[in-house]
Amino acid sequence: MKTTTILSVLLASTALAPAAAWGQASGGTAAPTNSGGVGSTPTGMGDQTSAPGGQALQPSAGDTAPAEEQVEISGPGGAAPAEEVVVTGSRIPNVQRRSAEVVSVLSTADIARTGEGDIAGALSRVTGLSLVGNGFVYVRGLGDRYSSSLLNGSPLPSPEPLRRVVPLDIFPTNVTASAVVQKTYSVNYPAEFGGGVINLTTRAVPDESFLQIGGSIGADTVTTSEVGYVYDGGDHDWTGFDSGTRKVPNFIKAAGSGGRDVGTADAINLNNAQTSLLLQNNQLPANYSYEVSLGSSVDVGSVRLGVIGAAGLSNGWRTRSIRQQVATDAAGGLESDFQTGLTDNRALVNGLLGFGAEFGDNRIRWTNLYIHDTLKQGRLARGSTSNLGLGDPNVGRQPLLDQATRWFERELIDTQLVGEFKIGAVSLDARGAYAKTRRDSPYERSFRYEFRSAVDDYVNVLSGNSFAELDFSELDERLYTGQANLSWAVPFDTPFNLSAGYFYSDTARTSSRFDFRFFGRNRQALDETFAQLRPDFLLSDFNVQTNGITLVNESTSQGSAAYDASLKINAGYAQVEGEITSKLRAQVGVRYETAKQSVVPIGAFVGTRLNNDYFLPAVTLTYNLADDMQVRGHLSKTLARPQFRELAPQLYQDFESDRLFFGNPLLVDSELYNAELRYEWFFARDQRFGASGFYKRIDKPVEAVAFFGGGDRLQTGFANAPQATLYGGEAELQKFVPLSGLGYDFLATRRLVAIANYTYTKSELKVGGELIPDVVQSTNQVRTIAASTLFRDGAALTGQSEHLVNLQLGLEDTTKLSQLTVLFTYASNRATNRGPVQSGVRLPDLIERPGIRLDFVARQGIRLPYVDKQIDLKFEARNLTGTGYREFQTFDNGQQVDNNRYRLGRIFSLGASVTL
C-alpha cells in the first residue's frame with residue numbers, strides 16, 4: 001500500500017482523484033459476519049432447527065417441514081416455564097399469534113436466511129422497519145426517538161449521544177438468542193413507545209457444550225483497493241483502541257473547563273504529526289472479521305448451570321466521494337459547493353459472558369456485555385463559498401481546501417441480573433441492570449487553506465478565511481434500572497391473568513466539548529512563507545515558537561463547553577388479561593409514570609428542567625374468527641421525551657452525515673395517541689398472512705430543523721412542531737412451497753421460501769398560528785418564533801418514508817444447511833431536516849432518497865471427511881443495484897441542490913465457521 005501527503009490534492013468533480021503531494025512522507029494504514037446464533041436458542045439450548053452457530057440440523061430425509069423453533073424471550077413480565085415461551089396469551093403454539101400484542105419475532109432461521117452479521121441489518125427485513133444511517137432502526141417510518149431498545153427486557157443507554165436508542169449494528173448476531181419487535185404498547189414496557197420496542201434476548205443455558213470459530217473477508221467496489229484518505233494515529237488503531245497517541249493533556253482539560261487560552265509554551269506539547277498529517281492510500285485494504293462463541297452446562301442435582309461466551313473483532317473501510325452544496329436563497333443560489341472525500345475505518349470489538357441456572361420452572365441469568373466501536377476518519381474537501389466569489393464572474397472563484405482528521409471512540413459496558421420464577425399459579429419476574437457508555441473524540445483537527453494567486457499556492461495564515469482548529473469532546477453516561485413484575489394466573493375456567501409491577505430508571509450524563517483555534521502572535525496573520533506549509537509543519541514546534549502561535553479558547557462561542565444531564569423515572573403499572581368469551585380475549589392495563597429530566601449547561605445558557613407525570617392506558621382486544629384466524633384492536637397513550645443531545649446547547653459532530661448538531665433546551669415531551677386494527681391468518685405452521693391499519697396523533701413532536709450556524713455549512717437543530725398525525729397500513733406474507741413433488745432428486749428435500757411485506761405510512765404536520773421556541777437558544781434570553789416559520793402545514797414527519805417494501809425469495813434444504821436467498825428492499829423518499837430559514841424565508845426541506853437495494857446470500861454446509869465436522873460457508877453480495885445515497889433540496893424553480901450525494905459500492909464477502 002502506497003501513501004502520500006495529500007492536503008494539496010484537488011478533487012475531481014465527481015470522484016476521488018490521485019493527489020499531487022506537497023512533500024513526500026512515509027506512512028500508511030494498519031492493516032458478513034457469520035449470522036448464526038440469533039434466533040430461538042443455539043445448539044444445545046433447546047433449538048430444534050439449528051445447531052451451534054445456527055446451521056440446520058438434519059432430520060430424516062422425508063421430513064420436509066422442520067419442527068417449529070422454540071424462541072427464547074426474556075422481557076418484562078415474561079416469566080415462564082423453561083419449556084414454554086409466554087410473551088402474553090396462552091394455548092396457541094405460534095409466538096406471534098399467541099401474543100396479546102402485535103409482535104414480529106426473528107428466530108435463528110430468519111437471521112441466517114438474511115445473512116446479516118448484525119441485528120440492525122436483520123431487523124430491517126421485518127415488516128414496517130427500515131434501517132437509517134449507522135445502524136438505527138426506524139419502526140413504521142418514525143424516527144429513532146419513537147423507538148426503544150431493550151436487552152433482556154432492560155433499557156440500554158446509547159453510546160451515540162445524538163440518539164436515544166442504541167445503534168443496533170453494534171450487536172453481532174452471535175450474542176443474541178432472539179429479537180422481538182412489539183408494535184403495540186403494553187404497560188409493562190417503558191412509556192417511551194411510539195413506533196415500537198425492540199427487545200433482544202441473550203443466550204442462556206446450553207444443553208451441551210460447543211465451540212464455534214468463524215471469520216470472513218469482504219470487498220467494497222467503491223473502497224477496496226481504491227484511493228482513500230488516512231492518517232497515522234497510533235500503533236493500535238486497527239483494533240479501535242488508542243495507544244496513548246491521543247491522550248488529552250491536563251492543560252487542555254484545565255484550559256477548556258476554565259475558559260482559558262493555551263499559550264505557546266503549552267501548544268508545543270500537543271501531539272502534532274500523527275494526528276495532523278493526512279495521507280493518501282492508493283489501495284485501501286479489504287474488510288475482515290473474526291468471531292468465536294462457546295458454551296457449556298452441567299447438572300448439579302436438580303439445577304442446570306450454564307456458561308456461554310462470545311467475542312468478535314471486525315475491521316472495515318468505507319470511502320465516500322460526496323457532493324456537498326448549501327443554498328441560501330429561494331432560487332437555490334449556492335452559498336458553498338464542495339467535493340468531499342471521506343474515508344472511514346471502523347473497528348468493532350465485542351464480548352459477551354453469561355451465566356445461567358435453570359431449576360424446575362425457574363430461570364436465573366447474569367449477562368455481561370462489552371462493545372467497543374471506533375471510527376477513524378480522514379476528510380479532504382475542495383470547493384468555494386460565495387463570500388470568496390463563488391459564481392461571481394467579476395470576482396472569480398477562489399478555491400478552498402479543507403482537511404479534517406477525526407477519531408470517534410464509543411464503548412458500552414452492561415451487566416444484568418434477571419430472575420424468572422414460578423410457584424404454582426404465581427410468577428415473579430425481577431431484573432436489574434447497570435450500564436455505562438462513553439464517547440471520546442480527542443484531537444478533532446480541522447484545517448482550511450485558501451488559494452492565493454499572488455503566490456500561486458494554497459495558504460493558511462491562521463486568520464480570516466483560513467484557519468486551524470482543534471477540538472476535544474468527551475461523554476460519559478451511566479444507567480441504573482430495576483423492574484419487578486408479579487403475575488397471578490387466576491384459577492378460573494378460562495385463562496385469566498392479573499399482573500402488577502414497578503419500574504425504576506436513573507440516567508446521568510456528563511459531556512464536554514472544548515474548541516480551540518490557532519492564531520499567530522497577537523492574533524496576527526502568519527507570513528505567507530510560513531502559511532504555505534502543510535499542516536504538520538504549520539503546527540510544528542519550530543513554527544509555533546517562531547511565530548508565537550497560541551490556542552484561543554472558543555468553547556463557548558457556539559454553545560456551552562460542558563453540561564450535566566439526568567433523567568429519573570418511577571413507574572407503577574397493573575394489567576389484566578383474559579378471555580371474555582371463548583373467541584374474545586382482552587388485555588387491559590394502565591401505567592403511571594413520573595419523570596424528572598434536566599440538562600444543566602455550564603455558563604450563561606438556557607437549561608432544561610422537565611417534571612412530568614402521566615397516566616398511560618392500553619387496551620388490546622383479540623377476536624378469533626376461526627381456529628387459524630384472528631382480528632386485533634388496540635388503543636393506547638404513550639410518550640416520546642426529547643433526548644439529551646436534542647436538549648443540550650452544545651455543538652456535536654456527527655460522522656455519518658458530516659454535519660454539526662446543536663440542541664434546543666426548550667423542547668418538551670411529545671404525547672402519542674395510538675390506534676390499530678389488525679387481521680392475521682395463520683394458514684400453516686410458520687406460514688401466515690397479516691394486514692393492519694394504524695393511526696397516531698402526536699402532540700408537540702420533536703423535528704430536526706436545518707439552520708445556518710455561521711460559516712458555509714448547514715447545521716441541524718431541533719424544535720417542537722405543534723401537532724402531527726400519522727396513519728397507514730401494512731401487509732405481510734410468509735409462505736413455504738415444498739418441491740418434493742416435482743420428481744427431481746435434487747428438489748426432494750428442498751422448498752421455496754417467500755417472505756414479503758409492505759408498509760404504507762402517511763404523516764402530516766398540523767401547523768397554525770402557534771408561537772414556539774426558536775430552533776437555537778444559545779443564551780438565557782428565550783426567543784420565540786411563529787411555528788409556521790419553521791414548519792409547513794401538511795409536511796411529512798422527518799425520517800418517515802411513505803413506502804417500505806421488503807421481499808425475500810429463497811431456496812432452502814430442510815435436511816441440511818443449504819440456502820440461496822435474494823433480498824429486495826425499497827424505501828421511498830423521506831425528509832431528514834426541515835428547511836432552513838434565511839431572511840424570513842423558509843427554504844425547502846432536506847430530502848433523503850434511500851431507493852432500492854438488491855442483495856444475495858448463499859449458505860452451504862460442507863461435511864469434512866474423517867473428522868465428522870461441518871464447515872458453514874456463506875457468500876454475500878450486497879447492494880447489487882449499486883444504489884447510492886442522496887440528500888437534496890428541490891426549489892420552486894426546479895433547481896436541485898445536493899446537500900449530501902455519494903456512491904455506495906457493491907459489497908462482496910465470503911465467510912466460514914466451524915463448530916468443534
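The structure holds 52 salt bridges (a side-chain nitrogen of Lys or Arg within 4 Å of a carboxyl oxygen of Asp or Glu). This is a predicted model, in which local features need pLDDT of at least 70 and side-chain atom pairs count only at pLDDT 80 or more, while totals for chains, interfaces and linings use all residues. Residues are numbered from 1 along each chain as its sequence is written, and side-chain values use heavy atoms, with hydrogens and water left out.

**Exercise 1.** Find what the salt bridge between aspartate 658 and arginine 379 ties together.

Solution. Step one: the two side chains meet at 2.9 Å, N to O. Step two: aspartate 658 lies in the loop between β26 and β27 (659–661) and arginine 379 in strand β15 (residues 362–385), so the pair ties together parts 279 residues apart in sequence. Strands here are DSSP runs (E, at least two residues), numbered from the N terminus. Step three: both residues are buried (under 20% relative accessible area, 1.4 Å probe, protein chains only; exposed is over 50%, partly exposed in between).

**Exercise 2.** Describe the salt bridge between aspartate 658 and arginine 406.

Solution. Step one: the side chains meet at 3.0 Å, N to O. Step two: arginine 406 is in strand β16 (residues 400–423), so this pair joins parts 252 residues apart in sequence. Step three: arginine 406 has a relative accessible area of 4% and is therefore buried.

**Exercise 3.** State which strands stand at the edges of the open sheet β26-β27-β31-β30.

Solution. Step one: the sheet has 4 strands with mixed pairing (two strands pair if DSSP finds at least two bridges between them). Step two: β26 (652–654) and β30 (702–708) each have a single partner strand, so they stand at the edges.
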